[in-house]
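Student: I'd like a close look at one part of this model, and I'd be glad if you would walk me through it slowly. Could you follow the contacts outward from there?

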Amino acid sequence: MPAIQLTPAERKAHRADAHHLDPVVMIGGEGLTPAVTKEADAALKAHGLIKVRVFSDERETRETIFATLCEQLGAAPVQHIGKLLVLWRPVEPKEKTPDEHRQAGPRVVKILKFSKSGNHRAQVKKLTVLGNQRITSGGIVKRAKERLVSKKKVGD
């Protein structure tokens, strides 16, 4: 996969976002191994913007690791400062699977009960109503009945 090219403005924004991040991938004395590449790929999938710490004292080695990681992972090189490398790759949107059997959750409903004489304040009562319940006009919580479906719509 080729590396992503960023404009200077995009690179600046990603550098600012990465400032407070801690390194999530460490590259030790063995250099860039397949396990390190796999971990960096998993971190990019989860976060999109990561820092990598390289424990090598030679700048040329760090630069080749930086270029290799960007090339293999399809990531954009954001910054190489000292022993820290910053990589960015857009996060793929996660698919939401709607659950057909899911029902409405509980909600809090306020009920006002007025006095019969009209001289007193209305009483405020808070009730928790579950997804399968409803409130009647008298302020009583009842279980909702299943809706009847027309036989014409069912198509038997």
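How many bridges join strand 1 to strand 2, and are these strands parallel or antiparallel?

Tutor: Happy to! This is a predicted model, in which local features need pLDDT of at least 70 and side-chain atom pairs count only at pLDDT 80 or more, while totals for chains, interfaces and linings use all residues. Residues are numbered from 1 along each chain as its sequence is written, and side-chain values use heavy atoms, with hydrogens and water left out.

To your question: strand 1, residues 25-27, is joined to strand 2 by 3 bridges, and the strands run parallel. Strands here are DSSP runs of E with at least two residues, helices are runs of H or I with at least four, and both are numbered from the N terminus; two strands pair when DSSP finds at least two bridges between them. Within this pairing, Met26 stands opposite Arg53 of strand 2. Between the two strands the chain passes through helix 2, residues 34-47, and the β-α-β crossover that results is right-handed (with the strands pointing away from you, the path from the first strand over the helix to the second runs clockwise).

Strand 2 spans residues 49-54 and is mostly covered, since 5 of its 6 residues are buried (under 20% relative accessible area, with exposed over 50% and partly exposed in between, for a 1.4 Å probe and protein chains only). Strand 2 has another partner as well: it pairs with strand 4, residues 84-88, in the antiparallel sense over 5 bridges. There, Leu49 stands opposite Trp88 of strand 4. Strand 4 also holds Val86, which counts as buried because its relative accessibility is 2%. For a sense of how far the chain travels from this spot, Val86 and Val154 are 68 residues apart along the chain, and their C-alpha atoms are separated by 58 Å.

Now step back to helix 2, the element that the crossover passes through. Ala43 lies in helix 2 and, at 11% relative accessibility, is counted as buried. Its C-alpha is 7.3 Å from that of Val24, although the two residues are 19 apart in sequence.

The charged side chains of helix 2 are worth your time too. Side chains of opposite charge can pair when their charged atoms come close. Asp41 and Lys45 meet in a salt bridge with an N to O distance of 3.9 Å (a side-chain nitrogen of Lys or Arg within 4 Å of a carboxyl oxygen of Asp or Glu). Both residues belong to helix 2 and are 4 residues apart, about one turn of the helix. Their surroundings can be read from the accessible areas: Lys45 is exposed because its relative value is 53%, whereas Asp41 is partly exposed because its value is 22%.

Asp41 also forms a salt bridge with Arg89, whose closest N and O atoms are 2.8 Å apart. This pair links distant parts of the chain: Asp41 sits in helix 2, while Arg89 sits 48 residues away in the loop between strand 4 and strand 5 (107-113). Arg89 is buried, because its relative accessible area is 13%. Put together, Asp41, Lys45 and Arg89 are linked in a network of salt bridges.

In the whole structure, the search finds 4 salt bridges. One of them lies outside that network's residues and joins Arg59 to Glu63, with the closest N and O atoms 3.1 Å apart. Arg59 and Glu63 are both in helix 3, residues 59-73, and they too are 4 residues apart, about one turn of the helix. Arg59 counts as partly exposed because its relative accessible area is 43%, and Glu63 is also partly exposed because its value is 37%.
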